[in-house]
Amino acid sequence: MMKIFLFTVFLISGLIFFALGTIGILKFPEIYSRAHSSAKCDTLGTILTLSSFCIYSGFNLVTLKIIIIIIFIMITSPTATHIITRGNYEKEEGSNDADF
Amino acid sequence: MVNMLNFSIIILSITVFLCMYRSIKGPTIADRIISINVINTKVIAIIIAVSFIYQETYFIDVALVYALIGFTASILISKIIKES
């Protein structure tokens, strides 16, 4: 019973964060605020949703693989958004000195 | 609990289609790349939910490889944006 309760709470909160990030991507006026919305809501929504799948699965090898995916997404999703936004900023400003 | 998995797949599919609107209509290239990055992350969650519905554990490996390929593609396309 506790497992079903935790699974439902984590899954619903993850879906709410995904929906809020999508609304931000649709409604914000420019590229940098859209990048802000997508990076934060997408990372937290993925962590919560995949944690709910870990609770659903129990304690076995599948849970270890999902935890590996969670750690990978925690590192790469903000990094990818940062690199895309910085590339766009350097294209707009014309400066080419910063390396990434 | 399978009903909750079906519900989550439906909600994630609706948000994927809304993100696809931004990736088609977006004014700059960076808008499209950011929304496609979000779609990648949502598709990973959808693949894992489908693997629990079908009870096939090898879909988890598919999701891991999908995450790796999506990150590599985002970095390469951002380098193309910077040099254009």
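**Helix packing within and between chains A and B**

In this predicted model, helix α1 of chain B (residues 2-25) makes a convenient starting point. Its 24 residues should span 34 Å at 1.5 Å a residue, and the end C-alpha atoms are 35 Å apart, so the computed span agrees with the expected one. Six names make up the buried set of α1(B): Leu5(B), Ser8(B), Leu12(B), Thr15(B), Cys19(B) and Arg22(B). These buried residues pack against α1 of chain A together with α2 of chain B. A short reminder helps in reading such lists: an α-helix has 3.6 residues a turn, so residues three or four places apart point the same way.

Further along chain B, the loop between α2 and α3 holds Gln55(B). Phi of Gln55(B) is near 60°, a positive value in a residue other than glycine. For context, most residues other than glycine have a negative phi. Gln55(B) is exposed, with 7 other C-beta atoms within 10 Å, a count that falls under the limit of 12 or fewer used for exposed residues.

Helix α3(B) has 25 residues and reaches 37 Å from its first C-alpha to its last, close to the 36 Å expected at 1.5 Å a residue. Buried in α3(B) are Ile60(B), Ala63(B), Ala67(B), Gly70(B), Phe71(B), Ser74(B), Ile77(B) and Ser78(B). The cover over these buried residues includes α3 of chain A together with α2 of chain B.

Attention now turns to the counterpart in chain A. Helix α3(A), residues 61-93, has 33 residues and reaches 48 Å between its first and last C-alpha atoms, close to the 48 Å expected at 1.5 Å a residue. A kink of about 30° is nevertheless present in α3(A), centred on Ile73(A). Ile73(A) is also one of the buried residues of this helix, which include Ile66(A), Ile69(A), Thr76(A), Ile83(A) and Gly87(A). The buried residues of α3(A) pack against α2 (31-57) of chain A, and also against α2 (29-54) and α3 (59-83) of chain B. Just after the helix, Gly94(A) takes a positive phi of about 85°.

The contact between the two chains takes 39 residues from chain A and 35 residues from chain B. On the side of chain A that touches chain B, α1 (2-27), α2 and α3 of chain A each supply at least two residues. The most comes from α3(A), with 18 residues. By class, this side of chain A has 22 nonpolar, twelve polar and five charged residues.

One helix pair across the interface deserves a closer look. The axes of α3(A) and α2(B) come within 10 Å and cross at roughly 170°. The pair is therefore roughly antiparallel. In this contact, Ile66(A), Ile69(A), Ile73(A), Ser77(A), Ala80(A), Thr81(A), Ile84(A), Thr85(A) and Asn88(A) of α3(A) meet Ala30(B), Ile33(B), Ile34(B), Asn37(B), Thr41(B), Ile44(B) and Ile48(B) of α2(B). The classes here are ten nonpolar, six polar and no charged residues.

Within chain A, Leu48(A) offers a final example, this time from helix α2. With 21 C-beta neighbours inside 10 Å, Leu48(A) counts as buried. Leaving aside residues up to four places away in sequence, Leu48(A) touches Phe10(A), Ser13(A), Gly14(A) and Phe17(A). The C-alpha atoms of Leu48(A) and Tyr32(A), 16 residues apart along the chain, are separated by 25 Å.

Key. Residues numbered from 1 in each chain as written. Chains lettered and ligands numbered in written order. Predicted model: local features only at pLDDT ≥ 70, side-chain atom pairs only at ≥ 80, totals over all residues. Helix = DSSP H or I, 4+ residues; strand = E, 2+ residues; numbered from the N terminus. Expected span 1.5 Å × (residues − 1). Bend = angle between axes of the 7 residues up to and from the residue. Buried ≥ 20, exposed ≤ 12 C-beta atoms within 10 Å, placed from the backbone. Contact = placed C-beta atoms within 7 Å. Nonpolar A, V, L, I, M, F, W, Y, C, P; charged D, E, K, R; others polar. Axes fitted to C-alpha atoms, helices over the stretch in contact; angles between N-to-C directions. Parallel < 35°, antiparallel > 145°, perpendicular 65-115°, else oblique.
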